[in-house]
Amino acid sequence: MADQTPGNKMKVFIVDDDEMQTNMLQDHLSKFSMFDFASFPTGEACLDKLNDNPDVIILDYYLDSRDKEALDGIDILKEIKKQKPKTEVIMLSGQDKIDVAINTMKWGAFDYVVKGDTAFHRLENVIYNLIRKRKLTKSLSLYKTLFVLSAAAFTIMIIVVIFLYWKGMIQDSPGWL
């Protein structure tokens, strides 16, 4: 996910065949200036634009109201994860069944949000958690790098001391004894 500095917006794709739902969601999230939106009525249209490297994709579970032959959300999710495994996908659905939610998570969805009165606020929280996760992951990566570098420096220091001792440049006695 992109660093959330001013002028560097988070790219959010909304994939839903319900145009009103898409517009309401986009309107709700647009109060946060950190988002740059693109919306798609089909999963196939979203897949065509994956090279735009979205940070987050909000993906409807059923995408067949306009085109009965359209791929469903799970198929689109699988293809997104195959092409862009680091892109986070939030599934959005009217299905309030735990097995559906578990299935989406199995295929790599970050979270599953049920459409309803609180769905937009829940999406806000999920996106906030995504941002926090990415920041924590970046910090962890930095700490791992620092640990490896300090371990390498310590190892080199020990090797230098052993080499100097072996060459007779340092002694067993510190010199003040």
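Q: Which loop holds Asp17?
A: Asp17 sits in the loop that joins β1 to α1. The model is a predicted one, and what follows describes that model.

Q: Is Asp17 buried or exposed?
A: The general idea is a cut-off on relative accessible area: a residue under 20% counts as buried. Asp17 has a relative accessible area of 8%, so Asp17 is buried.

Q: How far apart are Asp17 and Thr42, in sequence and in space?
A: Asp17 and Thr42 are separated by 25 residues in sequence, and their C-alpha atoms lie 6.0 Å apart.

Q: What is the strand order of the sheet, and in which sense do the strands pair?
A: The sheet is open and has five strands, in the order β2-β1-β3-β4-β5, with parallel pairing. Strands β2 (35-40) and β5 (111-114) are at the edges, each pairing on one side only. From one strand to the next, the twist averages 20 degrees.

Q: How many bridges join β1 and β3?
A: Four bridges join β1 (residues 10-15) to β3 (residues 56-60), and the two strands pair in the parallel sense. Within this pair of strands, Ile14 of the model stands opposite Ile58 in β3.

Q: Which strands does helix α1 lie across?
A: Helix α1, residues 19-29, lies across β1, β2, β3 and β4 (88-93). Its direction is at about 180 degrees to that of β2.

Q: Which strands does helix α4 touch?
A: Helix α4 (residues 98-106) packs on the sheet and touches β4 and β5. The direction of α4 makes about 150 degrees with that of β5.

Q: How should salt bridges be read, and how many are there?
A: Side chains of opposite charge can pair when their charged atoms come close. The cut-off applied is a side-chain nitrogen of Lys or Arg within 4 Å of a carboxyl oxygen of Asp or Glu. By this rule, the model has seven salt bridges.

Q: Which side chain meets Lys133 in a salt bridge?
A: The side chain of Glu88 meets that of Lys133, with an N to O distance of 2.9 Å. The pair links distant parts of the chain, since Lys133 is in helix α5 and Glu88 in strand β4, 45 residues apart. Leaving out residues up to four places away in sequence, Lys133 touches Glu88 and Phe110.

Q: Are Lys133 and Glu88 buried or exposed?
A: Lys133 has a relative accessible area of 36%, so Lys133 counts as partly exposed. Glu88 has a relative accessible area of 6% and is therefore buried.

Q: Which residue in helix α5 forms a salt bridge with Glu88 across 46 residues?
A: That residue is Arg134, whose side chain meets Glu88 at 3.5 Å, N to O. This pair also links distant parts of the chain, with Glu88 in strand β4 and Arg134 in helix α5. Both Glu88 and Arg134 are buried.

Q: What does Arg122 pair with?
A: Arg122 forms a salt bridge with Asp111, and their closest N and O atoms are 3.2 Å apart. The pair links helix α5, which holds Arg122, to strand β5, which holds Asp111, across 11 residues. Arg122 is partly exposed because its relative accessible area is 37%. Asp111, at 15%, is buried.

Q: Which residues are linked in a network of salt bridges?
A: Asp16, Asp60 and Lys115 are linked in such a network.

Q: Which residues form a nonpolar patch on the surface?
A: The patch is made of Phe154, Met157, Ile158, Val161, Ile162, Tyr165, Met169 and Ile170. Together they have about 780 Å² of accessible area. Tyr165 lies in helix α5 (residues 119-166). With 42% relative accessibility, Tyr165 counts as partly exposed.

Q: How should the phi of Asn53 be read?
A: Most residues other than glycine have a negative phi. Asn53 is not a glycine, yet its phi is positive, at about 55 degrees. Asn53 is found in the loop between α2 (43-48) and β3. Its relative accessibility is 44%, so Asn53 counts as partly exposed.

Notes
Residues numbered from 1 in each chain as written. Predicted model: local features only at pLDDT ≥ 70, side-chain atom pairs only at ≥ 80, totals over all residues. Heavy atoms only, no water. Pairing = 2+ DSSP bridges. Axes fitted to C-alpha atoms, helices over the stretch in contact; angles between N-to-C directions. Contact = heavy atoms within 4.5 Å. Patch = residues over 30% accessible without salt bridge, like charges linked within 9 Å, V, L, I, M, F, W, Y side chains within 5 Å. Areas by Shrake-Rupley, 256 points an atom, 1.4 Å probe, with all protein chains shown as cover. Buried < 20%, exposed > 50% of the residue type's maximum accessible area, 1.4 Å probe, protein only.
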